[in-house]
Amino acid sequence: MSELLGVYRPGTTFLHRIGPGPKLAFLALWSIAVVILRGPIASPAFLVIAIAIAAWSGLHLRRSLRTMRGFLLMLALVAAFQTWQRGPEVAIAVVSSLLALFLVGLAFTATTAADDLLSTVERLVAPLRFVGIRPERIALAFALVLRALPAVLDVARETRAAARARGLDRSPRALLVPFVIRVVAHAYATGDALAARGLDD
């Protein structure tokens with residue numbers, strides 16, 4: 001893969017120097033704002049800001065977009081469905097919002113070391129231990145989410161390559177059906193691995 005998305009890249013940018021705590025707080029507020037203020041004007045504006053943040057984090061947007069072709073294809077299908085059901089304005093708002101959330105999430109993971117993030121999450125939820133919640137389980141859930149992002153994108157790339165080899169790279173069915181099956185299989189394999197380690201309860 002030319003650009004492995006969702007993986008930490010050491011750097012010296014301002015975003016790299018900010019601690020995981022403030023970035024987590026910003027990510028939460030950003031997500032709330034994007035969802036609450038979603039609209040045909042606000043959502044594209046959020047997308048422009050997200051592109052700027054992603055570029056600021058050191059992500060190579062052109063290579064990233066090439067890697068995200070499977071995800072972009074799904075967004076195109078979402079846009080077509082929303083246009084058919086609710087009109088083009090809703091489609092623009094939905095797709096722009098999803099991309100804005102996705103790109104800022106990528107910028108966050110690209111500038112935050114996984115160990116630092118998980119340690120921060122475990123500290124933040126430590127008080128919940130008194131009500132029976134185990135902070136290490138929540139940190140594990142974060143780790144699984146972080147690992148799932150590049151894994152899913154890798155599946156999308158491999159699925160597209162396989163479809164292209166069969167001359168079916170323009171067929172949505174040849175792309176989406178194997179992609180969904182492989183993603184579900186990956187989820188089951190992850191669940192089985194956790195169960196084998198006694199972490200399925």
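Here are a few exercises with worked solutions on this predicted model.

**Exercise 1: The overall make-up**

Find how many helices and strands the chain has, and what share of its residues count as buried.

*Solution.*
- Start with the elements: there are nine helices and zero strands. Reading from the N terminus, the order is therefore simply α-α-α-α-α-α-α-α-α.
- Next, look at burial. The chain has 201 residues, and 33% of them count as buried.
- Then turn to the outside: the accessible surface is about 11,800 Å², with 67% of it belonging to carbon and sulfur atoms.
- Finally, take the contacts between residues at least 6 apart in sequence: 72% of these join residues at least 24 apart.

**Exercise 2: The largest nonpolar core**

Which residues have the most contacts inside the largest nonpolar core, and which element gives the most to this core?

*Solution.*
- Begin with the core itself, which has 20 residues. Trp-30, Ala-50, Leu-99 and Leu-103 have the most contacts inside it.
- Now trace the elements that give two or more residues to this core: α2 (20-36), α3 (42-56), α5 (69-86) and α6 (88-110).
- Of the elements, α6 gives the most, with nine residues.
- Zoom in on Leu-103. Leaving aside residues up to four places away in sequence, Leu-103 touches Leu-47, Ala-50, Ile-51 and Ala-54.

**Exercise 3: The two faces of α7**

Work out where the buried residues of helix α7 (residues 114-124) lie around its axis.

*Solution.*
- First list the buried residues of α7: Leu-117, Leu-118, Thr-120 and Val-121.
- These four cover an arc of only 160° around the axis, so they sit on the same side of α7.
- A general rule helps here: an α-helix has 3.6 residues a turn, so residues three or four places apart point the same way.
- Now check the face turned away from the buried side of α7, where you will find the exposed residues Asp-115 and Arg-123.

**Exercise 4: Two residues at the surface**

Decide whether Ile-36 and Ala-80 are buried, partly exposed or exposed.

*Solution.*
- Ile-36 is in helix α2. Its relative accessibility is 63%, and because exposed means over 50%, Ile-36 counts as exposed.
- Ile-36 also helps to make a nonpolar surface patch of about 530 Å², together with Leu-29, Ile-32, Val-35 and Leu-37.
- Ala-80 belongs to helix α5. With a relative accessible area of 46%, Ala-80 is partly exposed.
- As a last step, locate Ala-91, eleven residues from Ala-80 along the chain: the C-alpha atoms of Ala-80 and Ala-91 are separated by 7.4 Å.

Definitions and conventions: Residues are numbered from 1 along each chain as its sequence is written. This is a predicted model: local features need pLDDT of at least 70, side-chain atom pairs count only at pLDDT 80 or more; totals for chains, interfaces and linings use all residues. Side-chain values use heavy atoms; hydrogens and water are left out. A nonpolar core is a set of buried Ala, Val, Leu, Ile, Met, Phe, Trp, Tyr and Cys residues joined through side-chain atoms within 4.5 Å. Buried means under 20% relative accessible area, exposed over 50%, partly exposed in between (1.4 Å probe, protein chains only). Contact means heavy atoms within 4.5 Å. The arc is that of the directions from the helix axis to the C-beta atoms. Accessible areas come from the Shrake-Rupley method with a 1.4 Å probe; for residues, only the protein chains shown count as cover. Patches are made of residues with over 30% relative accessible area and no salt bridge: like charges are joined within 9 Å, nonpolar side chains (Val, Leu, Ile, Met, Phe, Trp, Tyr) within 5 Å. A salt bridge is a side-chain nitrogen of Lys or Arg within 4 Å of a carboxyl oxygen of Asp or Glu.
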